[in-house]
Amino acid sequence: MRAVFDTLRRQMLMVNMLQRAKIPVLADDIFDYLEKRSVSNGFPYPEERKSRMRQLQRDMIDIADMFHVEIKRVGKSSYRIAESYDDPPIDYNRFFADFDLLTSLDPGNPISKHVIPERNRNKGSENLSPILQAIKRRNVIEFDYTNYRKGNIVRHHKICPHYLKEDQRLWYVIGFENGKPFSFALDRITALSVLDEEFKFNTDFDLEEHFKDCFGIWSDPSVETEEIELKYDSLDGSFLKVIPIHPSQEIIADREDEFRIKLRLKITRDFVMELLRRSRSLEVIRPLHLRQKIYDLLAAGAIRNG
């Protein structure tokens, strides 16, 4: 396992170095950089130039295969990032950031005592790697899935996986079952199997368009998109300016006495629950049915705790 971490860290450092460079980077400059970072990061690095060159060639293949980032040689001995795909199966920049934080938690790393992770770690991370490999190789997967919304009913599914998507600190696989797109939370997947059966990738499916008017991962074509107007005090507004509720969020008033925003999305249970998280100063201006829904939920909670 340590060797895997060392390899990923080395590859991460190389990609980040080439990303920052505005011109092609000489191989010897890459080697010098990785040698210095190997000391501070505690991973082994070969001394001979021939060994370093062979390792560089292997890393280029692995990085292209895993992260869809192509590193090309320019001239005799320089390298640059040539291409990154528009819709990679995983956000490698986010992956590298998360991986960097994860490896900093190693008790042998001096920085670990300054990093305090979330107490409740998400389940299902063991499913990330096999599903990612299935997406890359276009292999069908099957698994058992626990549906919390339907009384913890467990059902068997067989899907063509297309994307991995993170939302609210949880990972989901988006795939097609019987020709229709569905989302499955990785923490509720058990008995996962990657089959030899291959599928054809659906190039007509637009992931961004599918979730454009949705809050989070839940999408229901039967739910209409609505215009929503919300009012908060300036304190809550300060937080909402940093972390918007939804990409459609538009600020229409930002004063000391009020912070008002406009949204365009589908009003689902997940969205309502998000509004309740910051209900301290919330006032729903429109639509009226959402205003009534929030009022009823808050009133019911007050009665239960009264």
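Begin with the open sheet of 5 strands in this predicted model. Coloured by strand, the sheet reads in the order E7-E6-E5-E4-E8, and the pairing is antiparallel. Strands E7 and E8 form the edges, each pairing on one side only. Direction ignored, neighbouring strands of the sheet are turned against each other by 45 degrees on average.

Next, select E4 and E8. These two antiparallel strands are joined by 5 bridges. Asp 144 has Thr 190 in E8 as its bridge partner. Then add helix H5 (residues 128-137), which packs on the sheet and touches E4, E5, strand E6 (170-177) and E8. The direction of helix H5 makes about 75 degrees with that of E5.

Now display the aromatic side chains. The structure holds 8 aromatic pairs. Select Tyr 145 and Phe 184: the ring centres are 5.0 Å apart and the planes stand at 85 degrees, so this pair is edge-to-face. Tyr 145 belongs to strand E4 (residues 139-147) and Phe 184 to strand E7 (residues 180-185), so the pair ties together parts that are 39 residues apart in sequence. Both Tyr 145 and Phe 184 are buried.

Move on to Tyr 163 and Phe 201. With ring centres 5.9 Å apart and planes at 70 degrees, this pair is also edge-to-face. Tyr 163 sits in strand E5 (residues 153-167), whereas Phe 201 is in the loop between strand E8 (189-198) and helix H6 (207-211); the pair thus links distant parts of the chain, 38 residues apart. Are the two residues buried or partly exposed? Tyr 163 counts as buried because its relative accessibility is 7%, and Phe 201 is partly exposed, with a relative accessible area of 22%.

Two further selections complete the aromatic part of the tour. Phe 143, Tyr 145, Phe 182 and Phe 184 form one aromatic cluster. Lys 165 lies over the face of Phe 211, 5.2 Å from the ring centre.

Finally, centre the view on Glu 226, in strand E9 (residues 225-232). This residue has a relative accessibility of 22% and therefore counts as partly exposed. Which residues does Glu 226 touch, not counting residues up to four places away in sequence? They are Leu 263, Arg 264, Leu 265, Ile 267, Pro 287 and His 289. With the side chain of His 289, the side chain of Glu 226 makes a polar contact at 2.9 Å. As a last distance to display, the C-alpha atoms of Glu 226 and Arg 286 are separated by 9.6 Å, and the two residues are 60 residues apart along the chain.

Terms used:
Residues numbered from 1 in each chain as written. Predicted model: local features only at pLDDT ≥ 70, side-chain atom pairs only at ≥ 80, totals over all residues. Heavy atoms only, no water. Helix = DSSP H or I, 4+ residues; strand = E, 2+ residues; numbered from the N terminus. Buried < 20%, exposed > 50% of the residue type's maximum accessible area, 1.4 Å probe, protein only. Contact = heavy atoms within 4.5 Å. Polar contact = N/O pair within 3.5 Å; in protein donor to acceptor, adjacent residues only side chain to side chain. Phe/Tyr/Trp six-rings, centres within 6.5 Å; stacked < 30°, edge-to-face > 60°. Lys NZ or Arg CZ within 6 Å of the ring centre and 35° of its normal. Pairing = 2+ DSSP bridges. Axes fitted to C-alpha atoms, helices over the stretch in contact; angles between N-to-C directions.
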